Amino acid sequence: MEQLEGRVAVITGGGSGIGEGLAHACHAAGMRVVLGDVEEEQAARVANDVRELGGDAIAVHADVSTPESLDELAARAYEAFDAVHLLCNNAGVLTVAPLVETPETDWEWTLGVNLLGPIHGVRAFVPRIREQPGDEAHIVNTGSVAGTFAISGMPIGVYTASKYAVVGYSEMLRMELEPEGIGVSVLCPGGVATRIQEAGRNRPDALGGPIEQGPQVAERRRERAADRPPPMEPREVGERVLDGVRANRLYIFTHADQRGPVEDRYHEMMAAYDAIE
């Protein structure tokens with residue numbers, strides 16, 4: 001989808017981080033923007049920023065783990081703008097704990113947002129997109145480099161499992177929708193300046209309520225940050241996403257230095273095939 005000006009983007013998790021960066025990149029490309037977020041006041045803040053820059057944006061409360069909430073987001077988007085051309089299923093959360101010690105509620109919460117969020121988004125929007133006369137459309141699901149190789153040093157196994165699933169879901173979805181002219185990409189960012197490490201603030205009461213980040217987790221984050229370059233700014237990620245949409249790329253990566261672990265993973269797979277007698 002090369003032409004973006006005048007078109008409409010819907011972004012979940014649009015109140016901060018990559019979602020906020022996407023909102024500003026879409027506005028700069030001449031798009032109108034619908035921002036969904038469970039923290040509606042943050043989405044409203046970003047929408048207001050876009051409007052102050054001369055853009056057109058609205059904010060909607062959206063809990064991506066709930067299909068009815070995505071139905072409402074779709075209804076509000078079409079009520080405001082009559083069409084949706086770019087759907088960014090971006091909302092995501094992170095839990096930090098060894099896999100064996102992760103409670104069932106955190107599996108339910110993480111998969112409910114990271115995996116079911118894109119699934120609910122596609123289900124709510126694609127039937128409406130199909131009815132748009134003669135318009136191209138594109139879907140971007142936010143995965144992670146943690147969905148392409150297992151990252152050592154942090155116990156983020158549940159997050160990793162959810163993002164591997166998003167990558168596989170996006171690969172299949174692209175094959176299914178390509179004949180209809182609907183493109184699909186999966187964003188696999190590396191380190192980005194977001195608040196995802198604080199995502200536990202939004203864990204719902206039904207699944208245990210907000211999570212306080214322990215001092216050990218904070219210390220581990222500081223140690224990892226000291227060994228790495230500064231995280232990428234969300235606006236740059238947003239611009240890279242739009243470049244990927246224009247080029248209809250399946251995979252959108254942000255950090256070239258993380259190619260090595262991906263190659264290592266596939267080399268290990270090929271070695272396993274070579275070992276077959």
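Start by selecting glutamate 236: with 33% relative accessibility, it counts as partly exposed. You're looking at a predicted model, by the way.

Now add arginine 240, its salt-bridge partner, where the closest N and O atoms sit 2.9 Å apart. Arginine 240 is partly exposed too, at 32% relative accessibility. Show the cartoon for helix H8 (residues 234-247) and the arrangement should be clear: the two residues are four apart in that helix, so about one helical turn separates them.

Next stop, helix H2 (residues 40-52). Pick out arginine 45 and aspartate 49, which are four residues apart there, about one turn of the helix. Their side chains meet in a salt bridge, 3.7 Å from N to O. Arginine 45 has 32% relative accessibility, so it falls in the partly exposed class; aspartate 49 is partly exposed as well, with a relative accessible area of 25%. Before moving on, add Glu20 to the selection: Glu20, Arg45 and Asp49 are linked in a network of salt bridges.

For a pairing between helices, select aspartate 71 and arginine 123, whose side chains form a salt bridge at 3.1 Å, N to O. This pair links distant parts of the chain: aspartate 71 belongs to helix H3 (residues 67-81) and arginine 123 to helix H5 (residues 116-130), 52 residues apart. Color by accessibility and aspartate 71 comes out partly exposed at 33%, while arginine 123 is partly exposed at 39%.

Want to keep going? How many salt bridges does a search of the whole structure find? Nine, including the ones on this tour.

Definitions and conventions:
Residues numbered from 1 in each chain as written. Predicted model: local features only at pLDDT ≥ 70, side-chain atom pairs only at ≥ 80, totals over all residues. Heavy atoms only, no water. Salt bridge = Lys/Arg side-chain N within 4 Å of Asp/Glu carboxyl O. Buried < 20%, exposed > 50% of the residue type's maximum accessible area, 1.4 Å probe, protein only.
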